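Q: Could you take a close look at the charged side chains and how they pair up, and then at the aromatic rings? I'm a first-year student, so please explain the terms as you go.

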Amino acid sequence: MVNDPDPSASPVAGFGRELATYRKARGWSQRRLAERIGCSPSLVGHIEAGSRNPQLDFAEACDRVFALPDGDHFVRLHRRVRQAPSGPEWFRRWLEEIEPGATVLRIWAPFLIPGLLQTENYARAVFLGRFSMPEEQVEEQVATRMRRQEALNPNNPPELRVLMDEWVLNRPIGDRKVMHEQLSHLAAVAARRRVTVQLVPYDTACTDGLSSAFVIAELADAPTTVSVDSAGRGEVSAEPDLVMSILDRYDRLNTEAYRPGESLQMIKEAVERWKPTA
């Protein structure tokens with residue numbers, strides 16, 4: 001009898017392990033399983049190794065091929081994959097452990113509306129523009145980003161302080177409808193209690209924010225932790241020297257920012273500029 005999936009394994013790794021276990025129990029090669037499912041052997045190999053997320057049609061085909069007593073074994077495993085935060089381990093740790101427990105979040109966003117404030121269509125346009133990302137992963141990333149925003153909706157949301165480069169209001173992501181919807185949402189969020197959104201002039205002499213976006217999370221029962229983006233891989237750290245360096249960058253940018261009321265008015269003006277034409 002095949003054991004239940006290891007609960008400590010990631011959902012993607014658990015799916016791959018189960019697939020390999022049932023395949024080997026049948027005495028099939030990856031090529032033979034691929035022929036029965038109607039896919040490439042390399043796809044089976046990648047999914048078993050946990051390096052590719054299985055799609056729903058793949059899970060359904062596995063249930064048909066293996067004809068297990070419960071009927072939807074692999075579909076249920078796929079549901080776990082869909083519900084789990086996607087991305088590298090460092091980012092999953094941020095999503096699962098750090099951000100949901102923050103009492104204060106300070107965000108610097110030099111290039112895009114930050115993920116916590118993105119609409120679904122804006123987020124989709126962002127991911128579609130990453131040409132290195134397979135299209136099949138776009139909707140998974142969008143769903144993860146939308147689930148991430150649940151941190152702002154509980155009865156006691158964190159205090160959110162957002163600094164954004166002024167040029168973010170002018171950078172076209174998607175079409176005019178996407179931008180109008182996004183900036184309308186940003187204006188509504190910026191007007192909430194416990195939320196402060198400030199724009200930093202695009203021509204500021206302060207260059208501390210040009211290297212990367214970052215988020216600073218203050219936690220009630222753990223050290224302040226930062227998430228720093230980069231072109232390669234991001235970093236999550238509570239190392240004191242790095243945290244102090246990022247806090248210093250935030251403070252320097254904050255001194256250059258427009259006041260919250262001015263920023264909100266600029267956002268509302270941008271909403272009008274991006275109204276779709278008739």
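A: Here is a walk through the charged pairs, followed by the rings. This is a predicted model, where local features need pLDDT of at least 70 and side-chain atom pairs count only at pLDDT 80 or more, while totals for chains, interfaces and linings use all residues. Residues are numbered from 1 along each chain as its sequence is written, and side-chain values use heavy atoms, with hydrogens and water left out.

Let's start with charge. Side chains of opposite charge can pair when their charged atoms come close. The term salt bridge means a side-chain nitrogen of Lys or Arg within 4 Å of a carboxyl oxygen of Asp or Glu. Searching the whole structure turns up eleven salt bridges.

One of them joins Glu 218 and Arg 106, at 2.2 Å from N to O. This pair ties together distant parts of the chain: Glu 218 belongs to strand 4 (residues 214–219) and Arg 106 to strand 1 (residues 102–109), 112 residues apart. Strands here are DSSP runs of E with at least two residues, helices are runs of H or I with at least four, and both are numbered from the N terminus.

How open are these two partners? Buried means under 20% relative accessible area, exposed means over 50%, and partly exposed is in between (1.4 Å probe, protein chains only). Glu 218 is partly exposed at 25%, whereas Arg 106 is buried at 13%. Arg 106 has another contact too: its charged end sits over the ring of Tyr 250, 6.0 Å from the ring centre. For that label, NZ of Lys or CZ of Arg must be within 6 Å of the ring centre and within 35 degrees of the ring normal.

Elsewhere, Asp 72 and Arg 76 meet in a salt bridge at 3.1 Å, N to O. Asp 72 is partly exposed at 29%, and so is Arg 76 at 35%. Along with Asp 70, Asp 72 and Arg 76 make up a network of salt bridges.

Now for the rings. Rings of Phe, Tyr and Trp (its six-membered ring) pair if their centres lie within 6.5 Å; planes under 30 degrees apart are stacked, over 60 edge-to-face, and the rest tilted. The whole structure holds seven aromatic pairs. Among them is the tilted pair of Phe 15 and Phe 58, 6.3 Å centre to centre with 45° between the planes. Phe 15 is in helix 1 (residues 11–25) and Phe 58 in helix 4 (residues 56–66), 43 residues apart. Phe 15 is buried at 0%, and Phe 58 is buried at 5%. Both belong to one aromatic cluster with Tyr 22, Trp 28, Phe 66 and Phe 74.
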